[in-house]
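Let's read a structure together, one feature at a time. Keep the sequence and the 3D view open as we go.

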Amino acid sequence: MLKNTEKSLLVELICNEQTQMLMRDKNAYNHEKYKNLEMIKVKVKDMKQEPECL
């Protein structure tokens, strides 16, 4: 499990990569890599968080 800060960082990294892809190619929405990143982003967002204190 990931902590909230770790989840946020992963989502931010994925979003940054997707943004860069779109800046290079306006049709990046249709690319397999973009779609895979989107699926991973959703999975990370849906993951249960690890308690901050153990």
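Q: I'd like to begin with the surface of helix 1. Which residues are exposed on the other side of helix 1, away from the buried ones?
A: A quick reminder before we look: this is a predicted model. A residue counts as exposed when its relative accessible area is over 50%. On that side of helix 1, the exposed residues are Thr5, Leu9, Leu13, Met23 and Arg24.

Q: And which residues of helix 1 are buried?
A: Here the cut-off is under 20% relative accessible area. Lys7, Val11, Ile14, Gln18 and Met21 meet it in helix 1. They sit on the same side of helix 1 because they cover an arc of only 80° around the axis.

Q: What do the buried residues of helix 1 pack against?
A: Their packing partner is helix 2.

Q: How do I judge the length of helix 1?
A: Compare its end-to-end reach with the span expected at 1.5 Å a residue. Helix 1 has 21 residues, and from first C-alpha to last it reaches 30 Å, close to the expected 30 Å.

Q: Now for the inside. Which residues make up the largest nonpolar core?
A: Look for buried nonpolar residues joined through their side-chain atoms. The largest such core holds 5 residues: Ile14, Met21, Ala28, Tyr34 and Leu37. Helix 1 (4–24) and helix 2 (32–46) are the elements that each give two or more residues to this core.

Q: Ala28 is in that list. Which residues does Ala28 touch?
A: Leaving out residues up to four places away in sequence, Ala28 touches Met21, Leu22 and Tyr34.

Q: Let's turn to charges. How many salt bridges does the count come to?
A: The thing to look for is a side-chain nitrogen of Lys or Arg within 4 Å of a carboxyl oxygen of Asp or Glu. By that rule there are 3 salt bridges. One of them joins the side chains of Glu38 and Lys41, at 3.2 Å from N to O. Both residues lie in helix 2, 3 residues apart, which is about one turn of the helix.

Q: Are Glu38 and Lys41 buried or exposed, or in between?
A: Glu38 is partly exposed, at 28% relative accessibility. Lys41 has 10% relative accessibility, so it counts as buried. Elsewhere, salt bridges that share partners join Glu17, Arg24 and Lys33 into one network.

Q: What are the distances in that network?
A: Glu17 and Arg24 meet through their side chains at 3.9 Å, N to O. Lys33 also forms a salt bridge with Glu17, and there the closest N and O atoms are 3.3 Å apart. This second pair links distant parts of the chain, with Lys33 in helix 2 and Glu17 in helix 1, 16 residues apart.

Q: How accessible are Glu17, Arg24 and Lys33?
A: Glu17 is partly exposed at 28% relative accessible area. Arg24 is exposed at 60%, while Lys33 counts as partly exposed at 49%.

Q: Last one: how many aromatic pairs are there, and which residues form them?
A: For ring pairs, check the centre distance and the angle between the planes. The count comes to 1 aromatic pair. Tyr29 and Tyr34 form it edge-to-face, 5.2 Å centre to centre with 70° between the planes. Tyr34 is buried, with a relative accessible area of 11%, and is also part of the largest nonpolar core.

Technical notes: Residues numbered from 1 in each chain as written. Heavy atoms only, no water. Core = buried A, V, L, I, M, F, W, Y, C linked by side-chain atoms within 4.5 Å. Buried < 20%, exposed > 50% of the residue type's maximum accessible area, 1.4 Å probe, protein only. Helix = DSSP H or I, 4+ residues; strand = E, 2+ residues; numbered from the N terminus. Contact = heavy atoms within 4.5 Å. Expected span 1.5 Å × (residues − 1). Arc of directions from axis to C-beta. Phe/Tyr/Trp six-rings, centres within 6.5 Å; stacked < 30°, edge-to-face > 60°.
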